[in-house]
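Let's take a look at the salt bridges in this one. Which charged side chains pair up, and where do they sit?

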Amino acid sequence: MRAGRLAGWTGGVLLATLAATALVGPWLLGTDGRQRVAKPYAAPSADRWLGADDLGRDLFAQLVIGARGSLGIALLVASIATIAAALVGGVAGLAPGWAAAILMRTVDLVLALPFLPLLIVAAAFLGQSLGVRAAVVAALVWAGPARLVRAGVLAAWSRGHLQAARAMGASTWYLLVRHASPVVAPLLVPVFVRAAMTAIVLDASLAFLGLGDPTTPSWGTMIHWASVRGAMLTDAWLWWALPPGVAIVATVTALALVGVATEDRLNPTFRQAR
């Protein structure tokens, strides 16, 4: 229990630091990371902590500004995926058998799709804007959580006091709001966290493949340009490609720690197992 709480606090502090950097950092820099401020491939110095890219632009500024784009798409995708999973899973748990079968076969179809190739093709043809990338990623990550939500609804619906209330004439909506939602709602927290983790990794992968928005700094685009412009062949990868890679790993790790801690605390199955 103490280990889980420590992991949760560690992930929470790290995630809060990254979020504060994304929100406040760009205002404190005084630059948008697009102006030429040093010589091309300038090494890190006291003035430029991460040096400059091939155009002489400040890489530290791009790293800080990129946090906003990477965390923003994670928040957007996680919100869309969680809402979709809650709606589909909730309806599938309460609907008649034929309707639930249709919904779950749709979930199975989405889960069976070749994930990464479809994601790459969709991103290539639909565009590179933030909204398009968020919609494409969310459309492919909601299905697994929907199954989890449906299982939670069915487990809550099978409890004895709900069965007794239904036999006494209580309406479905009353039982859902009053009794089932406190059991199912905690499941949405780890669903949100896992969707955010997946979104950050997938968005960085798309950006690395050149399918991100080239006009907006992000951690994935930084690694992409470092690869395309030869930084990997010199020592410049240490201050150009490595910092955004570390930032991605740190963010995913922080989300994983928070997700494990919240699931361990809120998931009713885990609580009963103790």
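Here is a quick tour of the charged pairs, partner by partner.

This is a predicted model, so local features need pLDDT of at least 70 and side-chain atom pairs count only at pLDDT 80 or more, while totals for chains, interfaces and linings use all residues. Residues are numbered from 1 along each chain as its sequence is written, and side-chain values use heavy atoms, with hydrogens and water left out.

Searching the whole structure turns up six salt bridges (a side-chain nitrogen of Lys or Arg within 4 Å of a carboxyl oxygen of Asp or Glu). Three of the pairs look like this:

| Pair | Closest N to O |
|---|---|
| D58 and R48 | 3.3 Å |
| R57 and D53 | 2.8 Å |
| D203 and R133 | 2.7 Å |

Take D203 and R133 to begin with: D203 lies in helix α9 (residues 188–208) and R133 in helix α5 (residues 130–141), so their bridge ties together parts 70 residues apart in sequence. Helices here are DSSP runs (H or I, at least four residues), numbered from the N terminus. Both D203 and R133 are buried, where buried means under 20% relative accessible area, exposed over 50% and partly exposed in between (1.4 Å probe, protein chains only).

Now for D58 and R48, which form a salt bridge too. Both residues sit in the loop between α1 (2–29) and α2 (59–94), ten residues apart. How exposed is each partner? D58 counts as buried at 8% relative accessibility, whereas R48 is partly exposed at 27%.

As for R57 and D53, both are buried.

Finally, R105, D108 and R147 are joined into one network by salt bridges that share partners.

Methods. Helix = DSSP H or I, 4+ residues; strand = E, 2+ residues; numbered from the N terminus.
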